[in-house]
Amino acid sequence: MARPSPTHGVGDMAISAGRDEYRSFIHGEGEKNTQWRFGAPPDYDLVNKLFEEGRTQEWPVGSLEEKVQRIVKSLEMELQHKIRPEDFKSVNREKFRFSVNGRRGISLQELREMGGSYNAFLQTNLPKELRIYDPEAETIDSSHEAFTTTFPRGFALEILQVYSGGPPTIAFKFRHWSYMDGPFQGHPPTGELVEFFGIGIYHVDDEMKVEKVEFFYERGDFLASFVKGAPAASGSRCPVMKI
């Protein structure tokens with residue numbers, strides 16, 4: 001596990017003042033002109049509570065792991081809640097690319113055209129008739145509605161291990177989890193734990209702005225968790241996930 005040098009690295013990332021303990025770039029002077037997707041800064045109180053109750057690691061403030069965790073959560077927040085690319089503070093907007101499981105990297109504009117980060121994260125080559133969730137059939141609004149319905153408490157994320165602190169590369173193992181308190185595509189709520197693990201690689205510049213994101217995880221195992229229950233008579237097209 002490579003630690004950042006005294007002059008560069010995770011510790012140099014600016015943290016904006018605000019009310020969220022785990023994310024930057026939500027509150028403060030730098031966000032006064034930000035255009036938010038739902039008209040106001042997001043409130044992460046519920047998912048923060050889920051995170052604090054269910055995390056397996058509690059990293060000390062200022063540690064490499066805590067700083068990487070903040071970077072990851074901050075970028076996911078911006079991808080979900082900021083409308084304009086110019087409002088993103090955590091990325092190099094001109095160079096940014098997002099890739100899942102070795103697929104072609106897509107730009108911020110392409111990610112939005114694809115229907116947001118949920119659809120980008122759940123890309124698949126499976127035939128349409130075999131898809132538990134079809135990102136090509138969902139919009140940014142329908143995917144958000146579906147995931148927040150399935151996981152009304154949110155979908156928590158923690159960093160389990162950091163392999164490299166950057167720059168130029170931040171590499172880490174992560175865990176995502178929540179409880180299926182709401183329905184999914186006609187399948188009733190189970191109340192059961194839904195979780196998955198993966199590897200993330202962030203390519204960053206000398207200012208720790210993210211230039212490329214690569215995630216690797218088992219998509220099928222994750223989605224299979226949602227179809228354990230018998231489907232209701234009137235199915236709906238409801239998907240998965242909130243950070």
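This report walks through the fold, the cores, the salt bridges and a few individual residues of the structure above.

## About the model

This is a predicted model, in which local features need pLDDT of at least 70, side-chain atom pairs count only at pLDDT 80 or more, and totals for chains, interfaces and linings use all residues. Residues are numbered from 1 along each chain as its sequence is written, and side-chain values use heavy atoms, with hydrogens and water left out.

## Overall fold

Let's start with the big picture. The protein chain holds 6 helices and 5 strands; helices (H or I, at least four residues) and strands (E, at least two) are DSSP runs, numbered from the N terminus. Read from the N terminus, the order of elements is α-α-β-α-α-α-β-β-β-β-α.

The chain has 243 residues, and 51% of them count as buried. Here buried means under 20% relative accessible area, exposed means over 50%, and partly exposed lies in between (1.4 Å probe, protein chains only). The accessible surface is about 11,100 Å², with 51% of that belonging to carbon and sulfur atoms; these areas come from the Shrake-Rupley method with a 1.4 Å probe, and for residues only the protein chains shown count as cover. Among contacts with a separation of 6 or more, 65% are between residues 24 or more positions apart, where contact means heavy atoms within 4.5 Å.

## The nonpolar cores

A nonpolar core is a set of buried Ala, Val, Leu, Ile, Met, Phe, Trp, Tyr and Cys residues joined through side-chain atoms within 4.5 Å. The largest one has 42 residues, and those touching the most other members are Phe 96, Phe 98, Phe 172, Tyr 202, Val 210 and Phe 222. Helix H2 (residues 64–81) supplies the largest share of this core, with 6 residues. There is also a second, separate core of 11 residues, including Phe 25, Tyr 44, Leu 50 and Ala 156.

Phe 172 is a good place to zoom in. Beyond residues up to four places away in sequence, Phe 172 touches a set of residues including Val 68, Val 72, Ile 159, Tyr 163, Ile 201, Tyr 202 and Phe 215. One of these partners, Tyr 163, sits in strand E2 (residues 156–165) and is partly exposed, at 34% relative accessible area. Tyr 163 also joins Ile 199 and Phe 216 in a nonpolar surface patch with about 230 Å² of accessible area together. Patches are made of residues with over 30% relative accessible area and no salt bridge; like charges are joined within 9 Å, and nonpolar side chains (Val, Leu, Ile, Met, Phe, Trp, Tyr) within 5 Å.

## Salt bridges

Now for the charged residues: the whole structure contains 20 salt bridges, each a side-chain nitrogen of Lys or Arg within 4 Å of a carboxyl oxygen of Asp or Glu. Lys 128, which is partly exposed at 49%, pairs with Asp 134 (3.3 Å, N to O) and with Glu 136 (3.0 Å, N to O). Asp 134 is buried, with a relative accessible area of 14%, whereas Glu 136 counts as exposed at 56%.

Another salt bridge joins Asp 181 to Arg 153 (2.9 Å, N to O). This pair links distant parts of the chain, 28 residues apart: Asp 181 is in the loop between strand E3 (169–179) and strand E4 (193–204), and Arg 153 is in the loop between H5 and E2. Asp 181 is partly exposed, with a relative accessible area of 31%, and Arg 153 is partly exposed, also with 31%. Elsewhere, salt bridges that share partners connect Glu 31, Glu 78, Lys 82 and Lys 89 into one network.

## Buried polar residues

Helix H5 (residues 140–150) includes Thr 150, which is buried at 0% relative accessibility. The side chain of Thr 150 reaches the backbone oxygen of Pro 183 at 3.0 Å, which fits the definition of a polar contact: a pair of N or O atoms within 3.5 Å where, within protein, one must be able to donate a hydrogen and the other to accept it, and residues adjacent in sequence count only if both atoms are side-chain atoms. The C-alpha atoms of Thr 150 and Pro 189 are separated by 7.6 Å, although these residues are 39 residues apart along the chain.

Ser 143 is also in helix H5 and counts as buried, at 1% relative accessibility. The side chain of Ser 143 reaches the backbone oxygen of Thr 139 at 2.9 Å. Ser 107 lies in the loop between strand E1 (97–100) and helix H3 (108–113) and is buried at 16%. Apart from neighbours within four places in sequence, Ser 107 is in contact with Phe 96 and Arg 97.
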